[in-house]
Amino acid sequence: MSFFDSLFAKKPESVLGIDIGSSSLKVVQLRKQGGKAILETYGELALGPYGGAEVGQATNLSSEQITETLKDLLREAKVTAKGCGVSIPFARSLLSLVTLPYRKDKAEQKTIIELEARKYIPVPMSEVQLDWFIIPETEPSEKEKDTVDVLLVAVHNDELTLLQNVVSGAGLAASFYEIEIFSTIRAVVDEPLRPVMVLDIGAASTKIYVVERGVVALSHSVAVGSQDITRAIAVSSGVSLTRAEAVKKEAGIEGEEAQGHPELVFSRIFSEARRVLTQYETSHNKSVTSIMLTGGGGVTKSLGAYAKKTFSIDVRLADPFAKTEAPAFMRPVLEEIGPEFAVAVGLALRKLEEI
Ligand SMILES: Nc1ncnc2c1ncn2[C@@H]1O[C@H](COP(=O)(O)OP(=O)(O)OP(=O)(O)O)[C@@H](O)[C@H]1O
Ligand SMILES: [Mg+2]
């Protein structure tokens with residue numbers, strides 16, 4: 001190698017996706033090689049023990065506590081990358097799909113969107129960061145159009161400040177912050193045309209949204225999650241939350257061992273999902289063709305079969321690591337834990353696009 005080669009040779013750069021969930025932190029480190037995303041490392045650390053709660057339960061920690069957890073996780077997972085993308089909780093963001101007047105001129109269109117956004121965002125514009133996407137048309141019409149559909153996205157400044165403090169406190173550098181559902185879509189939804197419903201079953205809440213041609217057409221959050229099953233088991237069997245958490249993972253939803261009636265929690269989630277599905281189908285006049293289960297709660301044993309019975313449409317379990325290259329012997333593990341890492345994988349994939 002000549003001096004210039006070594007000077008300009010692009011050394012393989014690793015990137016990091018960081019998902020700050022309500023119950024745990026997840027990181028995924030990728031590297032680009034030959035156009036592929038190589039999985040270098042990944043890891044998860046429960047936030048509960050850092051804030052006086054149990055593993056698997058949701059928390060509400062300070063930026064200092066999250067920073068401490070993140071530093072421990074980076075060490076444990078042997079993360080070497082510094083450049084990262086970070087998730088914004090869906091609960092801390094506001095999404096609104098609106099129809100606005102169309103303008104051919106891009107600058108004029110931007111002005112209209114930003115002015116109109118004020119009507120839809122229920123907090124002063126100085127308190128939020130606004131972003132927006134124009135929804136591509138399904139059938140481009142010949143005649144001059146007079147409206148456009150725009151997805152407005154707002155995130156409170158306080159949330160971004162918290163995330164920025166965590167990132168700098170952990171000695172990392174973030175080039176973007178992304179609402180978690182967009183990261184998940186990148187990692188697990190490949191269907192280019194037909195509408196897909198995603199159920200991200202987290203610890204404290206479940207995010208339900210319909211994705212059509214890569215765009216969020218409808219989104220909703222329910223305050224029911226997998227921690228509710230753990231709590232029900234603890235109460236009904238008189239065991240600790242730690243024990244109940246283990247029982248939940250072991251037993252799953254159906255069968256003799258299932259305790260604490262996990263199906264009651266899922267039926268609450270599914271009835272909300274059904275409502276969202278019906279709302280989408282009637283207002284868009286299209287049917288949702290499949291459901292993608294993701295989040296830690298999506299890993300629940302026998303949940304796929306149970307969901308298939310409930311909805312009578314195709315149900316799949318998210319496999320975000322399928323988008324990454326990893327040794328074959330790791331595949332079974334990666335498939336099993338995949339749903340929990342969908343957000344982190346999606347973030348790392350976007351970060352990789354920067355290279
Ligand atoms: N194998 C499993 N079976 C059943 N539940 C599981 C399993 N693995 C994890 N969970 C549950 O999933 C939940 C955590 O999911 P996840 O990591 O997606 O949540 P989070 O990202 O922290 O939360 P949120 O997305 O709501 O902010 C916990 O309640 C945990 O008990
Ligand atoms: Mg999550």
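In this predicted model, the largest nonpolar core contains 92 residues, and the members that touch the most other members are Val27, Cys84, Met197, Val211, Ala344, Val345 and Ala348. The greatest contribution to this core comes from helix α10, residues 331-353, which gives nine residues. The core draws on both domains of the chain, with at least three residues from each of domain 1 (3-92 + 158-353) and domain 2 (93-156). In soluble globular proteins, nonpolar side chains tend to be buried together. The surroundings of one of these core residues can be described further: once the neighbours within four places in sequence are left aside, Met197 is in contact with Val210, Ala273, Leu277, Val288 and Ile291.

The domain assignment divides the chain into domain 1, which is made of residues 3-92 together with 158-353, and domain 2, which is made of residues 93-156. The centres of domain 1 and domain 2, taken over C-alpha atoms, are separated by 28 Å. Twelve residues from domain 1 and ten residues from domain 2 take part in the contact between them. On the side of domain 1 that touches domain 2, α4 (157-169) and β11 (215-222) each supply at least two residues, and β11 gives the most, with four residues. By class, this side of domain 1 has seven nonpolar residues, one polar residue and four charged residues.

Strand β11 also holds Ser219, which counts as buried because 20 C-beta neighbours lie inside 10 Å, the number from which a residue is classed as buried. Not counting residues up to four places away in sequence, Ser219 touches Leu95, Ile181 and Tyr209. Ser219 can also be placed relative to the core residue Met197, from which it is 22 residues apart in sequence and 9.6 Å apart in space, C-alpha to C-alpha.

The surroundings of ligand 1 comprise 23 residues, of which the closest are Gly21, Ser22, Gly56, Gly202 and Gly296. Two elements, α6 (227-237) and α7 (241-251), give two or more residues to this shell, and the largest share, three residues, comes from α7. When the residues of the shell around ligand 1 are divided by class, four are nonpolar, 15 are polar and four are charged.

Helix α9, residues 303-311, has Leu303, Tyr306 and Ala307 as its buried residues. Seen down the axis of α9, these buried residues fall within an arc of 95 degrees, and they therefore line one face of the helix. An α-helix has 3.6 residues a turn, so residues three or four places apart point the same way. The partners of the buried residues of α9 are α8 (262-284), β12 (290-294) and β13 (314-317), against which they pack. After α9 comes Ser312, whose phi is positive, near 50 degrees.

The loop between α9 and β13 also includes Ile313, which counts as partly exposed because 14 C-beta neighbours lie inside 10 Å. Ile313 touches Val288, Thr289, Ser290 and Ile291, residues up to four places away in sequence not being counted. With one of these, Thr289, the separation is 24 residues in sequence and 6.6 Å in space, C-alpha to C-alpha.

Positive phi values are also found in other loops of the model. Most residues other than glycine have a negative phi, and most peptide bonds are trans. Lys78, although it is not a glycine, has a positive phi of about 55 degrees, and its place is in the loop between α2 (63-76) and β4 (83-88). Lys78 is exposed, with 10 other C-beta atoms within 10 Å, a number that falls under the limit of 12 or fewer for this class. In space, Lys78 and Gly43 are 9.0 Å apart, C-alpha to C-alpha, while in sequence they are 35 residues apart. Asn285, which is not a glycine either, likewise has a positive phi of about 55 degrees, and it is found in the loop between α8 and β12. Asn285 is also exposed, with 7 other C-beta atoms within 10 Å.

Notes. Residues numbered from 1 in each chain as written. Chains lettered and ligands numbered in written order. Predicted model: local features only at pLDDT ≥ 70, side-chain atom pairs only at ≥ 80, totals over all residues. Domains from an automatic or database assignment. Contact = placed C-beta atoms within 7 Å. Nonpolar A, V, L, I, M, F, W, Y, C, P; charged D, E, K, R; others polar. Near = placed C-beta within 6 Å. Core = buried A, V, L, I, M, F, W, Y, C linked by C-beta atoms within 7 Å. Arc of directions from axis to C-beta.
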